[in-house]
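The following note is offered to a colleague examining this model. Its points are numbered and may be read alongside the coordinates.

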Amino acid sequence: DNFATIVAAVREGRVILDNIRKFLRYLLSSNMGEVLAVFLGVIGAGLFGLSDPQGGIVLPLLATQLLWINLLTDAAPALAMGIDPQTEDVMARRPRRPEEPMIDARMWSEVLLTGLVMALATLLTIDLFLPGGLIDGQADLATARTAGFTVLVFAQLFNCFCARSATVSAFHRPFDNRWLWGAVGLSALLQVAVVHVVFLNAAFGTVPLTPGQWLVCIAMSSLVLWASELRKLALRMVARHEATNSARLND
């Protein structure tokens with residue numbers, strides 16, 4: 001008979017649904033980035049300099065590297081996102097229709113866009129280091145592949161913060177979820193170890209990167225964040241425009 005209990009239950013249900021959608025948004029977009037990086041790298045091998053002297057195709061990423069990415073980013077960061085605190089507008093939204101899909105058209109478009117940005121950032125980094133392609137580089141294949149591998153890992157870590165909301169900026173209350181920061185920090189340290197620890201170099205086909213190469217990798221991986229911020233800004237502007245027009249019609 002306590003209406004406050006009903007309100008609390010509705011709020012908790014919305015928070016749980018939000019976190020499920022964040023989890024799905026993050027995992028689907030990150031995995032889409034991996035799929036597109038390999039697919040576009042194969043069909044556009046000549047464009048990105050991914051060919052050997054005999055004209056054969058060179059894979060942008062090794063199988064062990066893809067397995068490592070899935071282990072690293074699909075575990076702790078994704079789980080931490082499942083306990084994200086509630087957003088400020090959780091009780092201000094309209095009720096959700098029962099037939100409304102969990103993954104709607106807007107989320108699919110976001111997944112595809114984020115995955116495409118990740119893939120292009122990865123492949124352009126590889127091209128930046130390799131001779132030939134769109135940008136003529138001077139490094140060997142192992143260095144270029146390590147750089148692309150690192151960009152894809154860090155792009156997915158940036159994506160953790162982008163996926164927390166479909167419209168709210170990643171810079172809004174960024175420290176609410178300390179578990180997420182801990183998971184991202186641990187994943188970043190493990191990636192540094194894969195690049196710089198000798199026995200892990202042999203296992204994952206990586207080589208150490210210089211400080212300058214690391215800066216390039218961080219800058220390229222951050223493109224995911226900036227692309228997401230631009231998309232969210234456009235959505236907020238459209239929403240404000242629609243709200244203004246609706247208010248004028250009501251007047």
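1. Arg145 belongs to helix H5, in what is a predicted model. Its relative accessibility is 12%, and because the limit for a buried residue is under 20%, Arg145 counts as buried. Beyond its neighbours within four places in sequence, Arg145 is in contact with Val58, Leu59, Pro60, Leu61, Leu62 and Gln65.

2. The protein has nine helices and zero strands. Read from the N terminus on, the order of elements is α-α-α-α-α-α-α-α-α. The C-alpha trace spans about 75 × 40 × 30 Å along its principal axes. Of the 251 residues, 42% count as buried. Among contacts with a separation of 6 or more, 78% are accounted for by residues 24 or more positions apart.

3. Which residues touch the most other members of the largest nonpolar core? That core holds 48 residues, and the ones in question are Tyr26, Leu50, Phe149, Val153, Cys160 and Leu180. Helix H5 gives the most to this core, with twelve residues. As for Cys160, its contacts, leaving aside neighbours within four places in sequence, are Tyr26, Pro77, Met81, Leu180 and Val184. Two of these partners, Tyr26 and Leu180, also appear in the list of residues that touch the most other core members.

4. The packing of H5 against H9 deserves separate description. Helix H5 covers residues 141–162 and helix H9 covers residues 223–250; their axes lie 8 Å apart at an angle of about 25°. Since angles under 35 degrees count as roughly parallel, H5 and H9 are roughly parallel to each other. The crossing of H5 with H9 is right-handed. On the H5 side, the residues that meet H9 are Ala155, Phe158, Asn159, Phe161 and Cys162, and on the H9 side they are Val224, Leu225, Ser228 and Lys232. By class, the residues of this contact comprise six nonpolar, two polar and one charged.

5. Helix H5 also packs against H8. The axes of H5 and H8 come within 8 Å and cross at roughly 45°, which makes H5 oblique to H8. This crossing, too, is right-handed. From H5 the contact draws on Thr143, Ala147, Thr150, Val151, Phe154, Ala155 and Phe158, while H8 supplies Gln213, Trp214, Cys217, Ile218, Met220 and Ser221. The residues of the contact divide into nine nonpolar, four polar and no charged. Ala155 and Phe158 of H5 take part here and also in the contact with H9.

6. How are H4 and H8 oriented, roughly parallel or roughly antiparallel? Helix H4 runs over residues 105–129 and helix H8 over residues 211–221; their axes come within 10 Å and cross at roughly 155°. Because angles over 145 degrees count as roughly antiparallel, H4 is roughly antiparallel to H8. H4 passes H8 in a right-handed crossing. The residues involved are Ala121, Leu124, Thr125, Leu128 and Phe129 of H4, together with Gln213, Val216 and Met220 of H8. Their division is six nonpolar, two polar and no charged. Gln213 and Met220 of H8 serve in this contact as well as in the one with H5.

7. Gly33 lies in helix H1, which covers residues 3–43. With a relative accessibility of 0%, Gly33 counts as buried. Gly33 and Leu116 are 83 residues apart in sequence, yet their C-alpha atoms are 6.0 Å apart in space. Outside its neighbours within four places in sequence, Gly33 is in contact with Gly115, Met118, Ala119 and Leu152.

8. One backbone value should be noted. Most residues other than glycine have a negative phi. Arg173, however, has a phi near 50°, a positive value in a residue other than glycine. Where is Arg173 found? Arg173 is in the loop between H5 and helix H6, the latter covering 178–196. Its relative accessible area is 34%, so Arg173 is partly exposed. Arg145, in contrast, counts as buried at 12% relative accessibility.

How values were computed. Residues are numbered from 1 along each chain as its sequence is written. This is a predicted model: local features need pLDDT of at least 70, side-chain atom pairs count only at pLDDT 80 or more; totals for chains, interfaces and linings use all residues. Side-chain values use heavy atoms; hydrogens and water are left out. Axes are lines fitted to C-alpha atoms, for helices over the stretch in contact, and angles run from 0 to 180 degrees between N-to-C directions. Helices (H or I, at least four residues) and strands (E, at least two) are DSSP runs, numbered from the N terminus. Angles under 35 degrees count as roughly parallel, over 145 as roughly antiparallel, 65 to 115 as roughly perpendicular and the rest as oblique. A crossing is left-handed if the near helix is turned anticlockwise from the far one by less than a right angle, and right-handed if clockwise. Contact means heavy atoms within 4.5 Å. Ala, Val, Leu, Ile, Met, Phe, Trp, Tyr, Cys and Pro count as nonpolar, Asp, Glu, Lys and Arg as charged, and the others, Gly among them, as polar. A nonpolar core is a set of buried Ala, Val, Leu, Ile, Met, Phe, Trp, Tyr and Cys residues joined through side-chain atoms within 4.5 Å. Buried means under 20% relative accessible area, exposed over 50%, partly exposed in between (1.4 Å probe, protein chains only).
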